[in-house]
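Let's take a friendly look at a pocket and the ligand that goes with it. Here are the sequence and the model.

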Amino acid sequence: MAELVSQQSSSPVYRAACELAAYRLRDALTDKPFIEYDSSLRTVLLRCLPDEVASIAVCSAVDGSRALLHRDAVSGPGYVLDTATKTSPPWLKRCGLEPGWSRPYTDPDTQSVVISFVAPLVRDGKVVAAVAAGSIPVGARASKKRPAAPAWLSVTEPRLRSRLLYPNPVCLLTTWGEVDGSWRKNVMTISWLTCLNNDADVLLSINARRHSAAAVLSGRAFGLSVPTSDLAAMVLKIGACSGSKTDKLATVEGLAAVEADAEAKAGKGGFAALMSDSSDDDDGVAAPPDAPWFVEGCVARLACVVERRLTEGEDHHVVVAKITDASVREDYWDGKTFRAPHGRAPFLSFLGSQSFGHTVQS
Ligand SMILES: Cc1cc2nc3c(=O)[nH]c(=O)nc-3n(C[C@H](O)[C@H](O)[C@H](O)COP(=O)(O)O)c2cc1C
């Protein structure tokens with residue numbers, strides 16, 4: 001309800017005056033069979049309005065008719081009676097059977113968020129009308145809308161997929177790992193990786209002792225997620241424990257999974273059939289889901305599958321994998337280059353000894 005004369009007070013005196021006004025008006029109307037919007041109503045409204053309060057209103061819950069009396073801020077002292085029927089005022093919509101301060105509502109005239117003191121007129125247990133007095137600004141209500149999630153773009157051309165690894169960013173490699181006969185999501189930090197050409201081929205070096213190694217070598221699809229500097233602490237934690245002993249998703253703070261889109265599911269057959277240590281069916285352990293998954297909060301997602309193994313029996317598995325699907329956060333991609341836009345967190349470059357450099361565009 002518009003408080004057209006600047007009445008910013010939320011003092012106890014002002015509040016009490018609002019309450020008094022509403023109670024007075026309710027009592028004045030309570031025995032009337034219906035509300036007549038004529039000059040006598042103006043007199044009633046005026047009589048009920050204490051000096052401190054600039055506006056008072058009554059609205060029928062039956063037909064939405066209403067009268068609002070407010071001080072005339074334009075033409076000086078005096079009051080204006082407004083009986084134009086608009087939509088039901090917000091304070092009436094939530095009016096209960098007891099008088100009280102309304103919930104915050106946006107005043108349609110001023111667009112500010114306010115509360116008014118509201119008293120219902122109740123007949124046979126139903127609110128047939130309500131009166132409201134005063135208007136106290138309570139500040140903006142928190143928006144219920146969630147901030148829009150960043151948009152993602154699918155990178156379909158292989159040569160452009162390669163570009164997501166041109167900066168050689170530290171990545172999070174995600175797999176399904178087998179622990180005690182069941183499949184669990186696992187993730188490791190990897191920095192020894194680079195794209196090999198513009199045909200979406202990637203070279204990776206994975207220590208044979210990593211729990212992730214068997215899953216990557218199995219020929220099933222795995223994921224690479226590109227984190228940014230704001231995730232550095234999490235990246236180090238992921239790289240400091242093994243999925244053979246730890247359920248990283250349950251223990252690493254901030255780590256959450258994002259499932260691949262249906263079209264990103266890749267990696268069946270092919271290399272898997274050639275690998276001697278691809279042992280899904282050994283011991284009767286059911287095959288894990290074939291879709292890669294990714295790490296939430298990262299800015300690029302690459303679904304990959306190993307195509308060739310370049311080492312045998314050494315302490316590091318050096319493998320060539322193909323990026324079979326990729327998507328990138330729109331703000332980190334200008335159509336050709338993958339880079340952190342000005343003001344956003346950059347990619348990480350591993351310097352050793354738990355420290356990172358940042359990759360920024362010159
Ligand atoms: C910044 C960083 C980069 C790493 N890069 C590699 C890498 O390129 N290859 C590798 O085998 N291990 C790398 N590691 C170590 C693994 O991430 C780490 O041993 C991890 O715990 C393995 O997890 P897993 O046993 O669950 O597979 C890196 C660790 C960190 C912190």
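Helices (H or I, at least four residues) and strands (E, at least two) are DSSP runs, numbered from the N terminus. The model is predicted, so local features need pLDDT of at least 70 and side-chain atom pairs pLDDT 80 or more, while totals for chains, interfaces and linings use all residues. Residues are numbered from 1 along each chain as its sequence is written, and side-chain values use heavy atoms, leaving out hydrogens and water.

With 4 residues, S10 gives the most to the shell around the ligand. S12, H5 and H6, like S10, each supply at least two residues of that shell. Of the 21 residues around the ligand (a heavy atom within 4 Å), Thr-189, Trp-192, Ser-212, Cys-241 and Gly-243 come nearest.

Three backbone contacts (polar: N or O atoms within 3.5 Å; within protein, one must be able to donate a hydrogen and the other to accept it, and residues adjacent in sequence count only if both atoms are side-chain atoms) involve ligand oxygen atoms:

| Residue, polar backbone atom | Distance to a ligand oxygen atom |
|---|---|
| Trp-192 | 2.8 Å |
| Gly-239 | 3.4 Å |
| Cys-241 | 2.6 Å |

Taken alone, the ligand exposes 650 Å², of which the protein buries 92% (Shrake-Rupley method, 1.4 Å probe; for residues, only the protein chains shown count as cover).

By class, the shell has 9 nonpolar, 10 polar and 2 charged residues. Here Ala, Val, Leu, Ile, Met, Phe, Trp, Tyr, Cys and Pro count as nonpolar, Asp, Glu, Lys and Arg as charged, and the others, Gly among them, as polar.
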